[in-house]
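Student: I have a structure in front of me and would like to understand the labels people attach to its parts. Could you go through them with me?

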Amino acid sequence: MGAFLSFLVGVGVVSTMASAGEGTKTTLAITGMTCGGCATAVKIQLKRTEGVTSYVVSHEKGEADVTYDPAKTTPEKIAESISKTGFKASVKGSTKGSDARGKSSVAPLELQAMKDWFNGATDSVRVVSLLSPTCGLCQSGHGVVKSIFSATDSKELRGFIAWLPMLAADDAATAATQAATFRDPRVAEAWDGQRAAGALFARMLKLKGTAWDVYLLYPRGARWEGDAPPPPAFWMHQLKAEDGADQKFCLDPARLRQQTLALLDKRG
């Protein structure tokens, strides 16, 4: 699966036409889908979207043909719904997906959508990171994630970045600004404004407080069952001992890249 959100997806309405008695049809252009798992994540979200009656999603074409009830939704709302998967979604010719200053935004995170992304990418090695957009160490770690994806063009490597408000300056706009420094269609991103993922991963990792500035690796086949995400095969961090983080696993860029590439090479 090649992009959670860079889950990344940009959506544009290519055409809209009415079909009497069958609802209204629209074609959404979706960038970033590289495999069937990506299309599955979009289909799951479309199924949940109010007013959508049918759809055909093609990762080969990078398109979704959607039929919807215009009394209940619009192409813009459908694109916004898709963005909840962590894919970045926008409607061509509108300001959707942008903030007031015209900069692209990061979609709000929904835990179920993150879980759907994770389980839709079981054929891939996954790098999951939780970061603050204005923290200097997190920005450096973001660069490490970039170096990992730059080291290979494998479509079996996927990434998900959850941006969290850990510092006073952190918000969706600063997350979008930092996200713009690294774009890869295999990487999905979302704004975890309530720190929901941060709390969930903290419990799984047995950390004190919120999980942030963490970098988790998952092998092919790993699935997220139940409420809690699965333990990673390997992870690193830039946290303090009082946070409950083992200091033997402080972020080492070379080691994290090596572990990632080793998981990519491992099969069976």
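Student: Which strands form the open sheet, and in what order?

Tutor: Good place to begin, and keep in mind that this is a predicted model. Five strands make up the open sheet, and their order is β7-β6-β5-β8-β9, with mixed pairing.

Student: What makes a strand of this sheet an edge strand?

Tutor: An edge strand pairs on one side only, and that is the case for β7 and for β9 (234-237). As for how the strands lie, neighbours in this sheet are turned by 15 degrees against each other on average, direction ignored.

Student: How do you know that β5 and β6 are paired?

Tutor: Pairing requires at least two bridges between two strands. Strand β5 (residues 125-131) is joined to β6 by seven bridges, so the two count as paired, and they run parallel. One example is leucine 131, whose bridge partner in β6 is tryptophan 163.

Student: What makes the pairing mixed?

Tutor: Besides the parallel β5 and β6, there are antiparallel pairs. β5 pairs with β8 in the antiparallel sense over five bridges, and leucine 130 has valine 214 as its bridge partner in β8. β8 and β9 are also antiparallel, with four bridges; there, tyrosine 215 is matched with methionine 236 in β9.

Student: Why is β8 called mostly covered?

Tutor: Five of its five residues are buried. One side carries Val214, Leu216 and Tyr218, the other Tyr215 and Leu217, and all of these are buried, so both faces of β8 are covered.

Student: Why is glycine 159 called buried?

Tutor: Buried means under 20% relative accessible area. Glycine 159 has 1% relative accessibility, so the label buried applies. Glycine 159 is found in strand β6, and its C-alpha is 5.4 Å from that of arginine 126, although the two are 33 residues apart in sequence.

Student: Why is the contact between arginine 220 and glutamate 156 called a salt bridge?

Tutor: The cut-off is a side-chain nitrogen of Lys or Arg within 4 Å of a carboxyl oxygen of Asp or Glu. The closest N and O atoms of arginine 220 and glutamate 156 are 2.7 Å apart, so the pair qualifies. This pair links distant parts of the chain: arginine 220 sits in the loop between β8 (214-218) and β9, glutamate 156 in the loop between α4 and β6, and 64 residues separate them. A search of the whole structure finds six salt bridges.

Student: Is arginine 220 buried, exposed or partly exposed, and how do you know?

Tutor: Partly exposed covers the range between under 20% and over 50%. Arginine 220 has a relative accessible area of 22%, so it is partly exposed. Glutamate 156, at 26%, is therefore partly exposed as well.

Student: How do you know that glutamate 189 and arginine 183 form a salt bridge?

Tutor: Their N to O distance is 3.8 Å, which is within 4 Å, so they form one. Glutamate 189 is at 0% relative accessibility and therefore counts as buried, whereas arginine 183, at 38%, counts as partly exposed.

Student: Why is glutamate 225 called exposed?

Tutor: Exposed means over 50%, and glutamate 225 has 53% relative accessibility, so the label fits. Glutamate 225 meets arginine 223 in a salt bridge of 2.9 Å, N to O. Arginine 223 has a relative accessible area of 40% and so is partly exposed.

Student: Why is aspartate 192 said to have no salt bridge?

Tutor: The nearest side chain of opposite charge, arginine 195, is 7.7 Å away, and a salt bridge needs 4 Å or less, so none is counted for the buried aspartate 192. Aspartate 192 lies in the loop between β7 and α6 (196-205). Its side chain reaches two backbone nitrogens: that of alanine 196 at 2.8 Å and that of glycine 198 at 3.3 Å.

Student: What makes aspartate 171 a cap of α5?

Tutor: A side-chain oxygen of aspartate 171 lies 3.1 Å from the backbone nitrogen of alanine 173, at the N-terminal end of α5. That is within the 3.5 Å cut-off for a polar contact. The buried residues of α5 (172-179), among them Ala173 and Gln178, pack against α4 (136-150), β6 (157-163) and β7 (187-191).

Definitions and conventions. Residues are numbered from 1 along each chain as its sequence is written. This is a predicted model: local features need pLDDT of at least 70, side-chain atom pairs count only at pLDDT 80 or more; totals for chains, interfaces and linings use all residues. Side-chain values use heavy atoms; hydrogens and water are left out. Buried means under 20% relative accessible area, exposed over 50%, partly exposed in between (1.4 Å probe, protein chains only). Contact means heavy atoms within 4.5 Å. A polar contact is a pair of N or O atoms within 3.5 Å; within protein, one must be able to donate a hydrogen and the other to accept it, and residues adjacent in sequence count only if both atoms are side-chain atoms. Axes are lines fitted to C-alpha atoms, for helices over the stretch in contact, and angles run from 0 to 180 degrees between N-to-C directions. Lys and Arg count as positive and Asp and Glu as negative; His and the chain ends are not counted.
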